[in-house]
Amino acid sequence: MITTDYDLIIIGAGPAGLTAGIYAARARMNVLLLEKAAPGGQILITDWIENYPGFPEGISGYDLSEKMKIQAESLGLKIESAEVHSLNLSNDAKEILIKDRTITAKSIIIASGASPRKLGIGEEKFFGKGVSFCATCDGPFFRDKTVVAVGGGDTAVQESIFLTKFAKKVYLVHRRDELRAAKILQERVLKNEKVEFIWDSVVTGMEGFFGVEGVKIKNLKTNEEKTIKANGCFIWVGILPNTSFLNDSVKTDQFGFILADARMQTSVPGVFAAGDVRDTPLRQIATAVGDAAVAAVSAEHYIENLS
Amino acid sequence: MADNIIEINDDSFEKIVLKSDKPVMVDFWAPWCGPCKAIAPTIDALEKEFGDKMTFVKVNVDDNPISPSKYGVQAIPTLLFFKKGQIADQITGMVAKQKLEETIKNVLL
């Protein structure tokens with residue numbers, strides 16, 4: 001039997017990582033969860049969640065993640081604040097390099113999640129100065145102002161509706177002529193008088209001195225360009241996996257999302273993936289939690305079979 | 001929204017932040033901001049680690065509109081680091097504890 005610091009190390013403390021932690025702690029595994037920033041992951045930047053069962057009135061992203069964290073910790077899960085730099089998966093004792101040391105485990109669950117995708121038009125210049133990915137953090141700074149929102153999925157639509165609590169006008173720019181968001185969200189946003197749609201269009205640039213003052217928009221059908229006067233630009237055009245530490249140690253799809261089988265096992269035996277970081281048709285809290293339960297039980301079986 | 005961090009306001013900003021002999025970290029936060037609440041324990045831990053060399057304070061942007069507006073804060077959490085009344089560094093959004101430690105060490109140099 002190999003000797004390692006832990007049976008299982010979980011990377012990332014979003015809904016997937018915390019759920020895996022709950023299952024592993026209840027299985028009395030020797031488990032450590034590593035989180036680089038703060039427990040919660042992307043749900044921290046979600047203002048209101050109403051599609052996760054058990055909360056009939058809905059619940060804020062922060063409150064839900066706090067409840068998951070408390071539940072995991074009360075079962076004995078140890079959470080350490082550390083960023084993973086790299087993995088070495090070539091031995092049975094899998095190595096995880098963090099800032100000041102290397103830790104070993106028999107099994108790893110990668111639940112490092114995803115981050116909002118950027119437009120790639122140089123908007124970095126305006127981060128914290130009008131460009132935002134988080135309506136619940138930054139929306140109130142745009143009281144009685146005009147903002148542009150980009151995207152057509154659930155996040156773009158739901159957060160645009162949230163922005164109308166503060167902004168006097170929200171232009172929703174979408175590259176197609178119809179929304180992808182859930183029908184219930186579409187019904188709400190189409191009724192909202194503060195939201196004006198700019199269809200078949202993309203954002204091509206931003207201008208401003210101290211912060212965003214104008215957003216350049218191009219119509220993909222007519223190639224017509226115009227600049228909308230706005231103080232904010234909220235970007236919700238999908239996500240990218242948080243996998244910089246992987247260095248091809250497990251197989252991914254062309255976008256970097258980790259490939260895993262029905263037991264959540266990756267291309268490396270004993271290494272599992274769960275939640276948004278996985279190649280999956282749907283990325284919700286409900287699916288992340290489901291992935292994680294499967295991954296934790298698979299990890300437990302894997303370790304049992306080692307001995 | 002760190003629990004052990006002194007809450008200051010627009011009126012006390014100049015005295016406590018700008019006229020401080022020690023470098024100061026100002027945490028702009030609001031009660032409605034989930035990420036602000038989520039990083040609070042990290043800020044508390046940093047205060048324990050670096051509190052003798054740096055003053056840690058927080059400003060509720062709902063109650064104090066002047067200081068955030070003066071420094072162009074349009075997103076929270078924003079952490080501003082002041083040295084002798086001037087901004088020495090700035091961090092916006094949720095970042096890793098390691099990045100915060102590195103920034104603090106840099107400001108203290």
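Which domains does the domain assignment of chain A give? In this predicted model, there is a domain 1 built from two stretches, 6-116 and 239-306, and a domain 2 that covers 123-235. Measured out as C-alpha centres, domain 1 and domain 2 of chain A sit 32 Å apart. As for contacts, 4 residues of domain 1 of chain A meet 7 residues of domain 2 of chain A. On the domain 1 side of that contact, the residues split into 2 nonpolar, 1 polar and 1 charged.

Chain B brings in a helix pair. Helix α2 (residues 34-50) and helix α4 (residues 97-108) of chain B pack at about 35°, and their axes are 11 Å apart. The crossing of α2(B) and α4(B) is right-handed. From α2(B), the contact takes B:T42, B:L46 and B:F50, while α4(B) puts in B:K97, B:L100 and B:I104. Sorted by class, the residues of this helix-helix contact come out as 4 nonpolar, 1 polar and 1 charged.

Then there is the contact between the chains. Here 19 residues of chain B touch 23 residues of chain A. Both α2 and α4 of chain B turn up again, each supplying at least two residues of the side of chain B that touches chain A. The largest share of that side comes from α2(B), with 6 residues. In terms of class, the side of chain B that touches chain A holds 10 nonpolar, 7 polar and 2 charged residues.

Key: Residues are numbered from 1 along each chain as its sequence is written. Chains are lettered from A and ligands numbered from 1 in the order in which they are written. This is a predicted model: local features need pLDDT of at least 70, side-chain atom pairs count only at pLDDT 80 or more; totals for chains, interfaces and linings use all residues. Domain bounds come from an automatic or database domain assignment. Two residues are in contact if their C-beta atoms, placed from the backbone, lie within 7 Å. Ala, Val, Leu, Ile, Met, Phe, Trp, Tyr, Cys and Pro count as nonpolar, Asp, Glu, Lys and Arg as charged, and the others, Gly among them, as polar. Axes are lines fitted to C-alpha atoms, for helices over the stretch in contact, and angles run from 0 to 180 degrees between N-to-C directions. Helices (H or I, at least four residues) and strands (E, at least two) are DSSP runs, numbered from the N terminus. A crossing is left-handed if the near helix is turned anticlockwise from the far one by less than a right angle, and right-handed if clockwise.
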